[in-house]
Amino acid sequence: MIEQLAAGAMNIFTPFNLAIFAIGLTLGMLSGSIPGLNGTMTVVLLIPLTYGMNSVSAIMLLSVIYVGSVYAGSISAIMFRVPGAPEAIMTTLDGYPMNQQGRLREAISIAVFCSAIGGIVGAIILILFSPTLAEWSRTLSDPEYFSVVVLGLALVSTIGAGNITKALMTMSIGVFLATIGLDPLAGQARFTFGSRFLLNGVELIPMILGLFAISEVLKQISSGGQMIGDAEIESQESTSFFPPLQYFSRFRRILTFNSISGTLIGILPGAGATTGALFGYTFGQRIVPKNIRERFGTGVPEGVAAPETANNAAASGAFVPLFALGIPGSGTTAVILAAFVLHGLTPGPAFISDNQSLVYTVFAALLIANVAIILVNKPIVHLFTKVRGVPQEMLFALIIVFSIIGAFSTRNIAFDLWVMLAAGVGGFYLEKYNYPVAPLIIGLVLGPIAEPSLRRGLIKAGGELSVFVDRPISAALLFAALLLFSVPLLQGTRLGQKYLTFGGIDQ
């Protein structure tokens, strides 16, 4: 394995592949940092250009773009509350408040550091255990996938800023929006009201741009607030561009737990780095001390570290089902699978052993790309903190322009612009009355995974609901979801507070 990995690294350091690697990492970071232009879209655009390359260089290029875009989505999320990629949705919850507190440099440094560490650990796990993880993922079926989603929906109580009712209401809106379009099994139109534009459902990118970007611009205009924090405050918080080594000790629990859990979530087909970020944020909130846990969502560094560690680890994990089973682990790896077909490659159980040069070159590229992210941290932070000198009005205009471009380029139809505008106005009023918008996106992301898994599981079991508790992993996940959903509800009652304190759960 070490010899194959070394050979893969040597493949990267040939002049042509090194240039391809640098171009891919740069394009990935640019596409992730520009709102609306995500890594999936960039991979789609570049697939035809890879036709003239050999398969090793082509797959390496697309893989590095994916890694770079997952990290860089945090930049615009922190600076403008505009996730540059869906994977950075959870980063906005604490990254943007840190920016407004004058801690922009610190927030970006944490994002860089934890993204790289999560990606490195995820790549190492991928290299060491990909055959074992692939075999494990083959034992999972629809009941497990459904139970994972139920666990994620139960975790939404953490995102609710202390108000479970409002969080569940917005999450339910997201789950409903996920049902719009063609029935995933029967192929019949649902809730489209005769509109052909809704046959494919409500697109995620216009919704994200509307709920986060447009609503924030409306909020700042109406309140006369400041999007970028004060430099004077920041200078007292952070004096170095390079991530301090004490991050290892401060975030050791998050780095350890979320790197492993993120990789495991990433190997679930269809889950991807966005789901990894959701679980990473909520897991991170539960493993930090209580005084920090209660301040999640207000601008704590742990709130940036948790999702950034998990989503980059999940990005590495998404390659396990792609290589070993021929099943994409995320939206971007689904597009990369198309590149496999273009180059005459057939992923499957024997793919890793039969294509060791390609596979270990990709493994080495994932590892080196995450190391490179740390090495380019200083110029990245320096470049993006210069935006503080841009006039506020120009920032608003640029955000709106990029949002329009991003929403339109998803499907090249004007209808998505109206979706973005409606989501922006709706998000503005939801937040005005203290309804969190993040659960809505969570419901929209997890809904399309939950429904087909539930229905296929019931079909296979002849309609017996017991299939979801007969399988050990599924039963354990559902039990955990029940606990996670019940604890916040019990905390609101006198009997519950007495019970939880006695049982040590509140500690």
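1. A good place to start is helix 24, which supplies the largest share of the lining of the largest cavity, four residues. Please keep in mind that this is a predicted model, where local features need pLDDT of at least 70 and side-chain atom pairs count only at pLDDT 80 or more, while totals for chains, interfaces and linings use all residues. Residues are numbered from 1 along each chain as its sequence is written, and side-chain values use heavy atoms, with hydrogens and water left out.

2. The structure holds three cavities of 30 Å³ or more, and the largest has a volume of about 70 Å³. A cavity here is a set of points on a 1 Å grid over the protein atoms alone where a 1.4 Å probe fits but cannot get out; lining residues have an atom within 4 Å of a point. Points are joined across faces, edges and corners, and the volume is the space filled by probe spheres set on them.

3. Now for the lining of the largest cavity: Pro-86, Glu-87, Ile-89, Met-90, Thr-274, Ala-277, Leu-278, Ile-441, Ile-442, Val-445 and Leu-446. Helix 14 (272–287) and helix 24 (438–460) each give at least two of the lining residues; helices are DSSP runs (H or I, at least four residues), numbered from the N terminus. By class, the lining has nine nonpolar residues, one polar and one charged.

4. Helix 14 also packs on helix 16 (residues 301–317), at an angle of about 145° and with axes 7 Å apart. Axes are lines fitted to C-alpha atoms over the stretch in contact, and angles run from 0 to 180 degrees between N-to-C directions. In the contact (heavy atoms within 4.5 Å), helix 14 uses residues including Gly-276, Ala-277 and Gly-280, and helix 16 residues including Ala-306, Pro-307 and Ala-310.

Definitions and conventions
1 Å grid on protein atoms, 1.4 Å probe; cavity = no way out; pocket = protein on both sides within 12 Å on 5 of 7 lines; lining within 4 Å. Nonpolar A, V, L, I, M, F, W, Y, C, P; charged D, E, K, R; others polar.
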